[in-house]
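Colleague: I should like to discuss helix packing and salt bridges in this model. Please begin with the conventions.

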Amino acid sequence: DMKTDLNLLLECLKYQMDCPLSQKEALITIYSICQQNSEASEYFREIGGLMFINDLAKSSVHCIVKEAALFTLGIIIESNVYCQQTLCTSALFEDLILFLIKKDSGVNLKRMSVYVILVLVSNNKDGQTYVRDTGCISLLLQLFRTTLSTSEKNLSDENIDPCYQLWSSVCSTLCACVNNPQNEDNQNICCSVFPYAKEWLESCTKPEIVRPICSFLGLTVANNSYVQKYFVSIGGLDTLAKVLLELMHDSCLSHSSMKLAVVVTKTLDACIANNSALGVVLAKYRTVSELLKLLSNETLSTGEKISIILTIGHCTEVCEENQCELLQNNGLPLMIQVLTESQDEELIKAATFVLQNCKQMTEQLSLKLHDNSLNVDNAEELDVQVRKRCLQDYWKKAKEILHRINSIEKEHDEERVQGEVFVDESPVANSKGLKSHEVNPDGPKKCTERTHKDVCSPQLTSKLNNQVLVPSVTSAPQKNETVNTMDAASTRQSEQRNIPCSVTELQTDSEPPSHNINGKTACGNNQSVTFFLPHLGQHSFCSEKTQRVKSTSATSSSHKMADLRCLGCTAGGLSLNSKNFTKMLQSCLHRCEHHRVILEAEERYRGELRRVAAGNNSRSA
């Protein structure tokens, strides 16, 4: 019985005061029972065992008893919140300070004292206040600075090195002092050791050093603009960018370096998340291109991808240099690939955040479209200027196509209403056909409701409120009909028959021509992406052809309709790709206005690509 055992063990502690080894064994047994057992810890508190062990830690003259008593206190506090509240007093913090400053205190005793401080402040605002008011946090910062020195560290044997273990425990405790809940006062105090942390990162990039420091830095600067600016002012952001470059160089050979690069990326993001203007510091280190390389690693988890994409988003939010770097390194197709292939909602939101930044950039470029006062100093700057103009031209062409398709659809709808198109289908089938142009089968109302339900993370909400037009291939969206990018991505799998949009097609609608010069698709390869056209029914043919067959009989009409129908409209259910679909439309003698517009747009787009490629070849020559 658990209660009986705890009662007997408490009696053993009381009557074995002259036998430290017996007391140590009893303490070990107690914490093994109470570990992760809230009920046992609460009962031990009720019978007075918690306060007895607290007194024993202060009064015992035996170091092994002190260490065991402190460790047992930590286990019980960690297991039960009521025990934490009972012992969370300024008196206990002052006792722990004495253990830390005494010269005769060994490294292990200091470790146990730091562990008790850790569990007292974890998820406890009162504990965070006591650790500051008693001066305990200042002592922890001193240990952070002095416990490990460059000449004394032995990182190859960190698991048994007591000094490294003490330093690592101090880092963890400082993290708990500033986070969960966030404590700005403690953050402002802890930033005093940033110069020391910066020196550590500059002198050593081993995981045993980088991980604890990055965790401490990331939580200390989180949501605190004052601390973020101070960290940037001492060159901390530059140091992190350099560490990332070094780790990315090693990541080709080391899996651990790649994982550590993700840790550094999270810290970078914490430093600029609340003030994206600080991201301009990272432009000179080409951090965005390094993050894109890191994102292409196939071993990354979903959470790691989200962290990397959010960092890219914050880097490109207001910095034009980082935005151009994103486009120059094929970041846009990569974001579209993530958006179309991912099933994770948070990952889709993060990718949409980056795409929204790209959209804002193109809007800014449009204001500079007629500004010819740019100074072009070399061929590289000229190439960047050409890419920007091509990007703007693309958006104009996309809007023209949307306008023409909307006009055609409006004309077709009017013809149906006036009874100019006769179809041998039931009234129910006809009513369904009239709704075939809706992008979302749930209707515009439900689509809009679902769009508003897609709420991004607090930091992304203001960036993702705008909606992006996504034109369909086989049917044009109705006037002012918009589809939220995240909603379209999340519903694409279950509604492929209503939204036959492939990765290649999505690239055509949302990727600038400058990234397709080499013939690459949105996925970054040369493969044709296969898609399926929706089945439009036996009598879904072009309205301009129907006038020729109105007066014929029903039997002869069906044969003529098969000859006069557009091949693009009658290819339902066939497996097509971007190559053979174009050839099929080119060979069709009776293209409908809808597919004729698409074919003309593609021919203009290909001609534009050839023109840009010819210009690049002439400059390179």
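Modeller: Axes are lines fitted to C-alpha atoms, for helices over the stretch in contact, and angles run from 0 to 180 degrees between N-to-C directions. Helices (H or I, at least four residues) are DSSP runs, numbered from the N terminus. This is a predicted model, in which local features need pLDDT of at least 70, side-chain atom pairs count only at pLDDT 80 or more, and totals for chains, interfaces and linings use all residues. Residues are numbered from 1 along each chain as its sequence is written, and side-chain values use heavy atoms, with hydrogens and water left out.

Colleague: How are helices H5 and H8 oriented, parallel or antiparallel?

Modeller: Helix H5 (residues 63-79) packs against helix H8 (residues 107-121) with axes 9 Å apart and at an angle of about 20 degrees. Angles under 35 degrees count as roughly parallel and those over 145 as roughly antiparallel. The arrangement of H5 relative to H8 is therefore roughly parallel.

Colleague: Is Asp95, the salt-bridge partner of Lys58, buried or exposed?

Modeller: A salt bridge (a side-chain nitrogen of Lys or Arg within 4 Å of a carboxyl oxygen of Asp or Glu) joins the side chains of Asp95 and Lys58 at 3.6 Å, N to O. Lys58, in helix H4, lies 37 residues from Asp95, in helix H7. Buried means under 20% relative accessible area, exposed over 50%, and partly exposed in between (1.4 Å probe, protein chains only). Because its relative accessible area is 18%, Asp95 is buried.

Key
Helices (H or I, at least four residues) and strands (E, at least two) are DSSP runs, numbered from the N terminus. Angles under 35 degrees count as roughly parallel, over 145 as roughly antiparallel, 65 to 115 as roughly perpendicular and the rest as oblique.
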